[in-house]
Amino acid sequence: MDDVHRSALLHPGPVIWSAVLIAGAEVGAALSAVLDGAVQGYESMIAVGSTLDALHYSHFHNTATTGPFGSAAAAGSVYELSACQLLAAMGNAASTTGGLWQFRAEQVMTKFWHTATASSNGKFAAYMAKFGMTGPAAILEGPQGLYAATCRDPKPLVLGDGWRIEEVSFKPWAACRHAHPAIDCALELRAAGRVTPPFHVETYADALTFCDRPDPVTETDAKFSLQHAVAVIADGRDATPADFTPEAIAALALLRAQVSVAEDPEITARYPAHFGARVNGLELQDCRGDPERPVGEAEIVAKMHMLAAWGGLPASEADRAAELALRGDDAAAVVTMLEEWLA
């Protein structure tokens, strides 16, 4: 979940990369061909996601809804499907779409299940299209298609001159993306020596819908808590996975109690094109990792090291991953590495 597209309100990376890497390893594709497929997967997933309306997002997890489009397009590119085969693959993949938000109200792991099934369904649809499996062409706009079933006022499908992958934000911190604007503001205050309680967070309405959790209990709760996110930074921490554990939740209870949250209609009006927040008067319209404020290679590699350490891997494995991803040309080697990590 380490990337996000703001206007489509989805995480393309965890859906696209697993599908396209495994497809590439199956056919012995060069990493360059896998990367081409990934770009097409991002394009498809984001383009469809950008057409979904507020009614859809109020009930459906956009990553789950649009993921099958993206994974089918990505794997289909690697499999070198014809246009007709790709249409069938995307139609069949999308016929399995869904992703109800109910899991947000319960302590379950469904969000990760959504990502995995979106990835595997799209890849399998592309694989079957190679062998003649046909699928519905009007899966979006048909009378029993996605828009009719889940939207009130779908937006136009726009395919521009550039690639939508360039619009994707990278997530520096181990929390829900809706908490990132508040984290960024708190970090700026801390750098200026002004991170002093009490804290008042003003942000957009969806950030409160997802992340107004003053009393988190589980790690997932904490990652979806604006109050906890600000307390993490105020305590001198850096919003790593260790800062959202039950131990951290207990340690930060007093600081968290000094964080209040509210909607600012002006910030809401700029959303989702901009995920903004204001903390104790300091406002940021865009976060670190957004296209307007991109992170560099060194910061991405540093995050790889942080995640490797959190997962119990040696630093050498983080270096191996960075080398294969940034300078290699062997999709199978990447898949082999991931399989070794899971063994």
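Among contacts between residues at least 6 apart in sequence, what percentage join residues at least 24 apart? In this predicted model, the figure for the protein chain is 74%, and the tour below starts from the whole chain before turning to single helices and residues.

**The whole chain**

Begin with the entire protein chain selected and drawn as a cartoon, where the secondary structure comes to 17 helices and six strands. The radius of gyration is 20 Å, close to the 20 Å that the globule rule gives for 343 residues, so the chain is as compact as a globular protein of that length. If you turn the C-alpha trace along its principal axes, it spans about 65 × 50 × 40 Å.

Next, switch to a surface, of which the protein chain exposes about 15300 Å², with carbon and sulfur atoms supplying 59% of that area. Buried residues, for their part, make up 49% of the 343 residues. Colouring by charge brings up 23 positive and 41 negative side chains, and the centres of these two sets lie 4 Å apart.

**Helix α17**

Now select residues 331–342, which form helix α17. At 1.5 Å a residue, these twelve residues should span 16 Å, and the end C-alpha atoms of the helix are 17 Å apart, which agrees. Show the side chains of Ala-331, Ala-333, Val-334, Val-335 and Met-337, the buried residues of α17. To see what they pack against, add α1 (13–27), α2 (31–49) and α16 (315–327) to the view.

**Glu-317, in α16**

Stay with α16 and pick out Glu-317, which lies in that helix. Is this glutamate buried or exposed? With a relative accessibility of 16%, Glu-317 counts as buried, because the cut-off for buried is under 20%. Once residues up to four places away in sequence are set aside, Glu-317 touches Met-337 and Trp-341. Met-337 has already appeared on this tour, as one of the buried residues of α17.

**Ser-119, in α6**

Finally, move to helix α6, residues 110–129, and centre the view on Ser-119, which lies within it. Ser-119 has a relative accessibility of 5% and therefore counts as buried. Which residues is Ser-119 in contact with, leaving aside its neighbours within four places in sequence? Selecting Val-15, Ser-18, Ala-19 and Ser-71 shows these contacts. The stretch 13–27, to which Val-15, Ser-18 and Ala-19 belong by number, is α1, one of the helices against which the buried residues of α17 pack.

Methods:
Residues are numbered from 1 along each chain as its sequence is written. This is a predicted model: local features need pLDDT of at least 70, side-chain atom pairs count only at pLDDT 80 or more; totals for chains, interfaces and linings use all residues. Side-chain values use heavy atoms; hydrogens and water are left out. Helices (H or I, at least four residues) and strands (E, at least two) are DSSP runs, numbered from the N terminus. The radius of gyration is taken over C-alpha atoms; the globule rule is 2.2 Å times the number of residues to the power 0.38. Buried means under 20% relative accessible area, exposed over 50%, partly exposed in between (1.4 Å probe, protein chains only). Contact means heavy atoms within 4.5 Å. Accessible areas come from the Shrake-Rupley method with a 1.4 Å probe; for residues, only the protein chains shown count as cover. Lys and Arg count as positive and Asp and Glu as negative; His and the chain ends are not counted. The place of a charge is taken as NZ of Lys, CZ of Arg, CG of Asp or CD of Glu. The expected span of a helix is 1.5 Å times one less than its number of residues.
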